[in-house]
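Here is a briefing on the ligand sites of one protein model. Please look over the sequence and structure first.

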Amino acid sequence: MPQQPIDQPEPSKQLPAAQNEIASPSAETAANESLDGETLTSEADADTSESEVGNNQVVDVDTLIDDETELDNATLFDEKSSYNEDSASDNSQQTEPTVEVEATGSGRFNPKELLRQYGATALACCLCLVLGFAASWFTRPQSVVPQEEATAEQPRPVYVAATSRRNEPISPLAPFADLEPRAIELGKRLFHDPGLSGDARISCASCHQVDQGGEDGRPVSIGIGKAVGNVNAPTVLNAALNFVQFWDGRVETLEEQLEIPIHSETEMGSSWERVVSYLTHNNDYMSQFEEVFGGPPTEERVKEAIVAYERSLITIDSPFDDWLKGDELALDSDEYSGYYLFKQLNCIACHQGPAIGGTMFQKLGEAKTYFADPQAVREIDLGRFNVTGHERDKFVFRVPALRNVASTGPYLHDGSVETLEQAVEIMIEYQVGVPTTSEDVRRIVAFLKSLSGRVPE
Ligand code: HEC
Ligand code: HEC
């Protein structure tokens, strides 16, 4: 059974709400009343599943239900972060106390006695240390710290979701604030320009068709010279909300991400020199860069423009978001009861946040081994393991966001799953581990389809 889905502290704030919701379905809003008898059946279905998911939820519900106790949650998430890179340092923290216990237990030292004898000296030493530290802190060169922080990593704009009128664990999407429209325009042009690639034939949009779900509809992508890729292209829609990029999360920011397609021999087979030289030889681009950045094209400016465009690709106004914002009629009864099942079956434990995913790493086959035949496992199936080399990261992937999922098939990291129905069946069997009915699957799919929002112009 799963479920230690929580990988980083951020989403922790979401989970208690999700669990609360599951624990008290009766706290539903007026939407309930507008539903017909069919919904009642579905809630009954859902109840059955709940008892079967039981184990799965116990830990989470018990520990998370009092979302007031932030400290408790913080500790809990620390303990649970089995996929967290930092867990190595967690371990070292854990060993310290053990060592101390051994030392005292050995009988060679009697701390109390020592304290009595050397208390004053110890106190003085401590005081000196504290004063010394304080002195060095206040006299430290002030400018160094902030500057280092500023250059160490690209600042990511803070994302603020729209306000929900309902007490639900998912927030409606809102556009990023403070995007520069002219930079977006330039980024859009670059994104769609095959001139950036090695053979002037492949653009970002060849594999990420923004008006068709933000990907290419193929199991795996075809790049420069008809090179065949090895994983399914994820959507660029709402990609700016992912806590890391790629199925295995090997880069964090969109700026870093750009390095891969530009250089990859199976994608665009290009280089920044090539890109910059191509743009510099185009008068139209020269004046557009001048207008947006006050200077000629550079690697940094190209990245900034494309990333601005990617940040603009937030798909607001989905029926589900309209419902969250208070429109009672935005969801029909199938969609609504599908959402109810989504919470009931604890899909929400992994697929959460405003993008309904993209906030944590999880194992494919959390409840039941997915890759039953070890012979059939390919390198790409190892997921996060390829980045960290940790045994526990085998078959671990960044949980994909489910916004617009109706138009991002085929599914899973290898594009092996044709339909959304099949993807949901796999999730119920291998991630949640409960028997299911085709009726449940149908309703969940109806809910997932309500997550398709408006693709920005
Ligand atoms: C040949 C097809 C192809 C081209 C061209 C391509 N991509 Fe991708 N893109 C992919 C594939 C495949 C992945 C997933 C790779 C992985 O996870 O290992 C991906 C991943 C991404 C992601 C991460 C999304 C996520 O959810 O993790 C972003 C963002 C992205 N591409 C943007 C771009 C941009 C910008 C360009 C143009 C500079 C570009 N891509 C060009 C195929 C392509
Ligand atoms: C334990 C965490 C976990 C749970 C619980 C979970 N998922 Fe997933 N889900 C994942 C991961 C990880 C993937 C990506 C697996 C891969 O691509 O190999 C995924 C993929 C998906 C996909 C395919 C998305 C795509 O773009 O390919 C859908 C759809 C989906 N989940 C829906 C659901 C539904 C519905 C439920 C509840 C019945 C659910 N998930 C429960 C972790 C989870």
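The notes below take the two ligands in turn, starting with ligand 2. The model is predicted. The space that ligand 2 takes is the largest cavity, while ligand 1 takes the space of the second largest pocket. The iron atom of ligand 2 has protein donors from H351 and M427, whereas H208 is the only protein donor of the iron atom of ligand 1.

**Ligand 2: iron site**

- The iron atom of ligand 2 is bound on the protein side by NE2 of H351 and SD of M427, at 2.1 to 2.3 Å.
- Its site is octahedral, with six donor atoms and angles of 88 to 179 degrees among them.
- H351 belongs to the loop between α14 (333-344) and β1 (361-363) and M427 to helix α16, so this pair ties together parts that lie 76 residues apart in sequence.

**Ligand 2: surroundings**

- Ligand 2 is surrounded by 22 residues, and the closest are C347, C350, H351, H413 and M427.
- Helix α16 (residues 420-432) gives the largest share of this shell, with five residues.
- By class, the shell of ligand 2 holds 15 nonpolar residues, six polar ones and one charged one.

**Ligand 2: polar contacts**

- H351 also has a polar side-chain atom 2.8 Å from a nitrogen atom of ligand 2.
- H413 places a polar side-chain atom 2.6 Å from an oxygen atom of ligand 2.
- At L412 the contact is made by the backbone: one of its polar atoms is 2.8 Å from an oxygen atom of ligand 2.

**Ligand 1: iron site**

- NE2 of H208 lies 2.1 Å from the iron atom of ligand 1 and is its only protein donor.
- H208 is found in the loop between α8 (204-207) and α9 (254-263).

**Ligand 1: surroundings**

- Around ligand 1 there are 29 residues, of which C204, C207, H208, F246 and R398 come nearest.
- Helices α8, α9 and α12 (299-312) each contribute at least two residues to this shell, and the largest share, four residues, is from α9.
- The shell of ligand 1 divides into 16 nonpolar, nine polar and four charged residues.

**Ligand 1: polar contacts**

- The side chain of N242 has an N or O atom 3.0 Å from an oxygen atom of ligand 1.
- R250 likewise has a side-chain N or O atom 3.0 Å from an oxygen atom of ligand 1.
- For Q257, a side-chain N or O atom lies 3.1 Å from a nitrogen atom of ligand 1.

Definitions and conventions: Residues are numbered from 1 along each chain as its sequence is written. Chains are lettered from A and ligands numbered from 1 in the order in which they are written. This is a predicted model: local features need pLDDT of at least 70, side-chain atom pairs count only at pLDDT 80 or more; totals for chains, interfaces and linings use all residues. Side-chain values use heavy atoms; hydrogens and water are left out. A residue is near a molecule or strand if one of its heavy atoms lies within 4 Å of it. A polar contact is a pair of N or O atoms within 3.5 Å; within protein, one must be able to donate a hydrogen and the other to accept it, and residues adjacent in sequence count only if both atoms are side-chain atoms. On a 1 Å grid over the protein atoms alone, a cavity is a set of points where a 1.4 Å probe fits but cannot get out, and a pocket is an open set with protein on both sides within 12 Å along at least five of seven lines; lining residues have an atom within 4 Å of a point. A molecule sits in a cavity or pocket if more than half of its atoms lie within 2 Å of its grid points. Ala, Val, Leu, Ile, Met, Phe, Trp, Tyr, Cys and Pro count as nonpolar, Asp, Glu, Lys and Arg as charged, and the others, Gly among them, as polar. Donors are N, O and S atoms within 2.8 Å of the metal (3.2 Å for Na, K and Ca); water is not among the atoms, so sites may look incomplete. Four donors count as tetrahedral if all angles lie between 85 and 135 degrees; four count as square planar and six as octahedral if opposite donors are over 155 degrees apart and all others between 65 and 115; anything else is irregular.
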